[in-house]
Amino acid sequence: MALLTVTNLSKKFGGLAAVADVNMHVEDGELVALIGPNGAGKTTLFNMLTGVIPPTSGKITLTTATGTISLLGRKPYQVAKLGLARTFQNIRLFANLSVRDNLLAAMTHRYTENFFAEVLRLPAYYHKEAKVLAWTNALLREFDLVDVADYDAGNLPYGTQRRVEIARATATAPRIIFLDEPAAGMNPEETAALMKLIEKLRTDFQLTVVLIEHDMGLVMNLAERIYVLNQGKLIADGTPAQIQQNQAVIDAYLGGGVHA
Ligand SMILES: Nc1ncnc2c1ncn2[C@@H]1O[C@H](COP(=O)(O)OP(=O)(O)OP(=O)(O)O)[C@@H](O)[C@H]1O
């Protein structure tokens with residue numbers, strides 16, 4: 001059974017159908033990409049999946065250990081608690097807090113005995129603070145942020161800030177991470193490092209990844225399945241090889257000069 005299922009999902013802004021009747025699913029452990037031209041509705045779809053805006057119609061369901069639940073009507077923090085984390089197209093770090101404090105701030109809403117016992121596999125008698133600090137240090141190490149841990153996030157190079165944002169989303173130990181244009185504004189070296197990092201999210205953190213991205217090198221190399229949106233509608237889905245050969249996709253997007 002799919003981890004996340006979207007059924008006939010639509011969002012209208014006045015007369016504009018930003019997302020129109022979209023059906024999609026994400027399997028546990030998958031890496032799925034969402035592509036399409038500017039204004040296709042990709043971010044609007046992410047916003048609905050993460051509780052930022054309500055859909056006009058349709059369903060979003062999540063499979064949990066205790067059954068299938070609807071995500072409709074839940075606020076972003078409630079969706080986050082259910083294990084859906086995200087990053088934003090425009091970086092939203094606390095610019096005046098250190099990298100370490102940005103990670104700590106993300107964890108406060110999951111600050112429970114169960115969460116840290118689960119994440120760190122530490123016995124329950126360990127002090128909560130010790131677990132928080134241990135998990136933060138582990139994240140700093142895993143995301144190669146040890147050297148900048150005490151720097152203000154806002155002063156770091158762009159690629160590093162993106163890494164901090166992904167580390168912060170991972171800090172809540174989500175099941176699914178949604179990345180909105182993670183490679184935007186990155187140079188080729190930063191993009192190559194990002195690709196390794198996304199692989200790590202899956203292998204080391206066992207996350208399911210859904211990403212919006214215009215960098216087709218990244219998408220075609222990393223994604224197992226791709227959904228293509230155009231003017232709010234899903235025009236194709238398939239493997240990278242299938243998508244690259246799909247005439248509707250070439251006409252709407254890939255053929256027209258892909259913008260990075
Ligand atoms: N809050 C809003 N109010 C009105 N229209 C909106 C709103 N948010 C998005 N739109 C419109 O909905 C359409 C889809 O926008 P969206 O940002 O989802 O596209 P996108 O595929 O993410 O584009 P990009 O690749 O440029 O980020 C666009 O026409 C946009 O102008």
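**Reading a predicted two-domain model**

Q: How many bridges join strand β1 (residues 4-13) to β2, and in which direction do the two run?

A: There are 7 bridges joining β1 to β2, and the two strands run antiparallel. Keep in mind that this is a predicted model. For one example of a bridge pair, take T5, whose partner in β2 is H25.

Q: Which strands make up the sheet with β1, and in what order?

A: To read a sheet, follow the pairing from one strand to the next, and remember that two strands pair when at least two bridges are found between them. Here 4 strands form an open sheet, ordered β2-β1-β4-β5, with antiparallel pairing.

Q: Why is one side of β2 and of β5 left without a neighbour in the sheet?

A: β2 (16-26) and β5 (67-70) are the edge strands and have a single partner strand each, so one side of each has no neighbour in the sheet. As for the turn between neighbouring strands, it averages 25°, direction ignored.

Q: Which helix packs on this sheet, and what does it touch?

A: That is α1 (residues 42-49), which touches β1, β2 and β4 (57-64). The direction of α1 makes about 60° with that of β2.

Q: How are β4 and β5 joined, and how many residues lie between them?

A: They form a hairpin, with 2 residues between the strands. The two run antiparallel and are joined by 4 bridges. Look for T63, which stands opposite T68 in β5.

Q: What is the strand order in the sheet of 6 strands, and what kind of pairing does it have?

A: Read it as β6-β7-β8-β3-β9-β10; this sheet is open too, with mixed pairing. At its edges are β6 (84-86) and β10 (233-238), each pairing on one side only. The twist from one strand to the next averages 20°.

Q: Do β6 and β7 run parallel or antiparallel?

A: They run parallel, with 3 bridges joining them. In this pair, R86 stands opposite F178 in β7. Helix α1 packs on this sheet as well, touching β3 (31-35), β6, β7, β8 and β9 (225-230). Its direction makes about 150° with that of β7.

Q: Which residues are around the ligand?

A: You can find them by scanning for F13, L16, A18, G36, N38, G39, A40, G41, K42, T43 and T44. β2 and α1 are the elements that give two or more residues to this shell. The largest share, 3 residues, comes from α1.

Q: How does the shell around the ligand divide by class?

A: It has 4 nonpolar, 6 polar and 1 charged residues. When you count for yourself, note that Gly is placed among the polar residues.

Q: Where are the domains of this protein?

A: Domain 1 covers 1-83 + 174-260, and domain 2 covers 93-172. Their C-alpha centres lie 25 Å apart.

Q: How many residues does each domain give to the contact?

A: Domain 1 gives 16 residues and domain 2 gives 11 residues. On the side of domain 1 that touches domain 2, the elements giving two or more residues are α2 (76-81), β7 (176-180) and α7 (188-203). The most comes from α7, with 5 residues. By class, that side of domain 1 has 12 nonpolar, 1 polar and 3 charged residues.

Q: Which sign does phi have at D21?

A: The general idea is that most residues other than glycine have a negative phi. D21 is not a glycine, yet its phi is positive, at about 60°. You will find D21 in strand β2.

Q: Where is Q206, and is it buried or exposed?

A: Q206 sits in the loop between α7 and β8 (208-212). A residue counts as exposed if 12 or fewer other C-beta atoms lie within 10 Å of its own. Q206 has 11 such neighbours inside 10 Å, so it is exposed. It is not a glycine either, and has a positive phi of about 50°. By comparison, D21 has 14 other C-beta atoms within 10 Å and is therefore partly exposed.

Q: What does A248 touch?

A: Leaving aside residues up to four places away in sequence, A248 touches I235 and A236. A248 and A236 are 12 residues apart along the chain, and their C-alpha atoms are separated by 7.7 Å. A248 belongs to helix α10 (residues 247-252). With 11 C-beta neighbours inside 10 Å, A248 counts as exposed.

How values were computed: Residues numbered from 1 in each chain as written. Predicted model: local features only at pLDDT ≥ 70, side-chain atom pairs only at ≥ 80, totals over all residues. Axes fitted to C-alpha atoms, helices over the stretch in contact; angles between N-to-C directions. Contact = placed C-beta atoms within 7 Å. Near = placed C-beta within 6 Å. Domains from an automatic or database assignment. Buried ≥ 20, exposed ≤ 12 C-beta atoms within 10 Å, placed from the backbone.
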